[in-house]
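Student: I have a new structure to look at, and I would like to learn how to read it. Could you walk me through a few features?

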Amino acid sequence: MRREVTPVLLICLLGATWAAVAIGASVFQGYRPRTAPPPAAPERAAGAPTWVAMPMLPDVGFVNVKTDCGAKGDGGADDTGALLSVIGTGKDPKLGGTKHPTFGVVREMYLPPGVYLVSRPLIVGGKKKWIQGAGAGKTVIRLKDNCPGFQDPSKPQVLLDTKGKVFGAQNFGVEVHDLTIDVGRGNPGAVGLHFHTNNGGTCGNVVIRSSDPQGRGAVGLAMNQWAPGPGLVKNLLVEGFDKGIFISHDQYSMVFEHLILKGQREVGFENAGNTVSIRDLRSTNAVPAVRNRGSSALMCLVEGELTGGGGAGAAAIENSKDGGLFARDVTTAGYGAAIRSDAAGGKQVKGPAVEEFSSHPVLGLFDSPTTSLRLPIEDPPNVPYGDVDDWTSPLDHGAKGDGKTDDTAAVQKAMDSGNDTVFIPGGRQFLVTDTLIVRGALKRLIGYKSMLTVNVDEAPAFRIEDGTSPVVVFERVSGTPYRTKCGVWIEHASKRTLVCVGVYSYRNTVPGGKVFMEDGCALPLVFDRQKVWIRHVNTESYEINPHIVNRGGDLWILGIKTEKDRTIIGTYDGGRTELLGGLLYKNRQRVGQAPCFINHESSHSLVYRAKGVPYDVHVEETRGGQKRTLPKEKTHRWRSTLYVGYKGK
């Protein structure tokens, strides 16, 4: 079946006049404008990294801003109105929401290749937006040079804001992908992107750039309206601005991986009170690369290359007296010190290399090494998208997608068709009443904000069995909220490697495989002798205890956020668990007290912060038949910049 990736649809002529609500300095709680003179203008880089963009087909349910809304994308015409006609839509006018004359409330939108010139803030009018480009080197949102409203760095103004007036803890599943945001020239008060999401959501494959010769602009990526996260930022390049990344608020947390920061004028990455986990940070700057401050601040930084420096008196990483910092495998060049920390009496690491650093004393209950577990870290295997002409959909095999007709047979027929990729189009609901089997040639299931209404009682929604591909990918294949009933979303009955873009409830019946998950809200997660890597997970339950189980395997987690009052991670049967950052938010206690973590004759190392109703016991650990507990009073104000519980070699 031939599929044109760039669809031709009817252009909608919009007669409405669109207005944006300006965001003032009150949005930037904790923000401190730069006061020191800026360093010399940085060298300007060209182009964008060669990240692979998600393919966009015409029949997946996304509104195309060119063919559907009249955007030109030619770099000359003002496309503000066309972009706001979809970005600004929402159900509630009190939250700034509007209605598109043809599509009503739009959540999923596609920006084809082009340069979209804008002259006002692009502010969402509702929650759960997915803004999809064609690639960071192809789709560019560019602010007009010397644009009114973006001139005062003491009152920063956002170019693209994914929160607007949406309630801070209910903005679930926001996605921004595969585009460049350029604040142009002569806009010193501009903020490229304010990325806000809750309970999952990803900003990925994005370039945020100031084209100003001096790199002027307030912030590249901001996350500082109330309740940012939890979510994931990956594959991000920020060039210029006073601050490359700025995040604040003690609730919730964010995860970052594969960051490139260049040419900032004050600091590369500033955390003002959030819980952040970072892996692979590359900074080229004549100013500090990292600043961590605030009584609730917890930063976990693993693998960094921080070069440039500010001379003998400067440190690559600054940690305030009330900040919590864990850093590992960081190299620096050009700075007087690698780390300068004022916490816990003060410490300085001369560098240039930092093997491992904890700003506060290492915690433990038994005789253990004083360093983290250092489980091997692997990136997910690359599985090419291939030719979209070879993809198939359940609609090609008789599915209705109306949420009423039983589409089980049609979905399974698509999965058994011999095509290696099955896509589930958005804007539809597919009713499934029996477990779907992943087998044969199928290697990827990909969803476009699509919904499967699964009703299989305690059986799994999907079972992965042996097939021709050594790797299986689940990419954003979700269940209909509150209408799906299954034991787990995925039952892994094969040693084939599983890659999940999105975290799904999981159990395995065949041990010995590898599992990669990123960004999602799901449980239970039960791993039996598997090797598992998770980049951001959110778990919330009163009924499931523990939320995550590791039996005899290796479990590596970069960033977690939790709610409710059950145990978060239980490690058993000689398993090894490494948690690199996270917020344990017990928003209420309904069932009763339970330890945050259980280690039974196994190994773990933990970096985390707790908030809310107190966990009386943070760690319960059994070694050689002897059980010990770590009460909250023995932590560092409910924080652990490093807890260790494992036997040395």
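**Reading a helix, some strands and a cavity**

Tutor: Happily! Bear in mind that this is a predicted model. Let's begin with helix α1, residues 80–87, which is mostly covered, with seven of its eight residues buried.

Student: Which residues in α1 are buried?

Tutor: They are Thr80, Ala82, Leu83, Leu84, Ser85, Val86 and Ile87.

Student: Now the strands. How should I picture the side chains there?

Tutor: In a regular strand, side chains alternate between the two faces of the sheet. Here, strand β23 (residues 402–406) runs parallel to strand β25 (residues 429–432), and two bridges join them. Asp406 has Leu431 of β25 as its bridge partner.

Student: How many bridges link β25 and strand β28?

Tutor: Four, and the pairing of β25 with β28 (residues 451–454) is again in the parallel sense. One of the partnerships puts Gln429 with Met451 in β28.

Student: And how does one find empty space?

Tutor: Rolling a probe the size of a water molecule over the atoms shows where empty space is left. This structure holds two cavities of 30 Å³ or more, and the second largest has about 40 Å³ of space.

Student: Which elements give two or more residues to the lining of that second largest cavity?

Tutor: Those are β15 (253–262), β17 (275–285), β39 (554–563) and β41 (576–586). Among the lining residues are Ser253, Thr275, His536, Ile560 and Gly581.

Student: What kinds of residues make up the lining of the second largest cavity?

Tutor: Four are nonpolar and seven are polar, with no charged residues.

Technical notes
Residues are numbered from 1 along each chain as its sequence is written. This is a predicted model: local features need pLDDT of at least 70, side-chain atom pairs count only at pLDDT 80 or more; totals for chains, interfaces and linings use all residues. Side-chain values use heavy atoms; hydrogens and water are left out. Buried means under 20% relative accessible area, exposed over 50%, partly exposed in between (1.4 Å probe, protein chains only). Two strands pair if DSSP finds at least two bridges between them. On a 1 Å grid over the protein atoms alone, a cavity is a set of points where a 1.4 Å probe fits but cannot get out, and a pocket is an open set with protein on both sides within 12 Å along at least five of seven lines; lining residues have an atom within 4 Å of a point. Grid points are joined across faces, edges and corners, and a volume is the space filled by probe spheres set on the points. Ala, Val, Leu, Ile, Met, Phe, Trp, Tyr, Cys and Pro count as nonpolar, Asp, Glu, Lys and Arg as charged, and the others, Gly among them, as polar.
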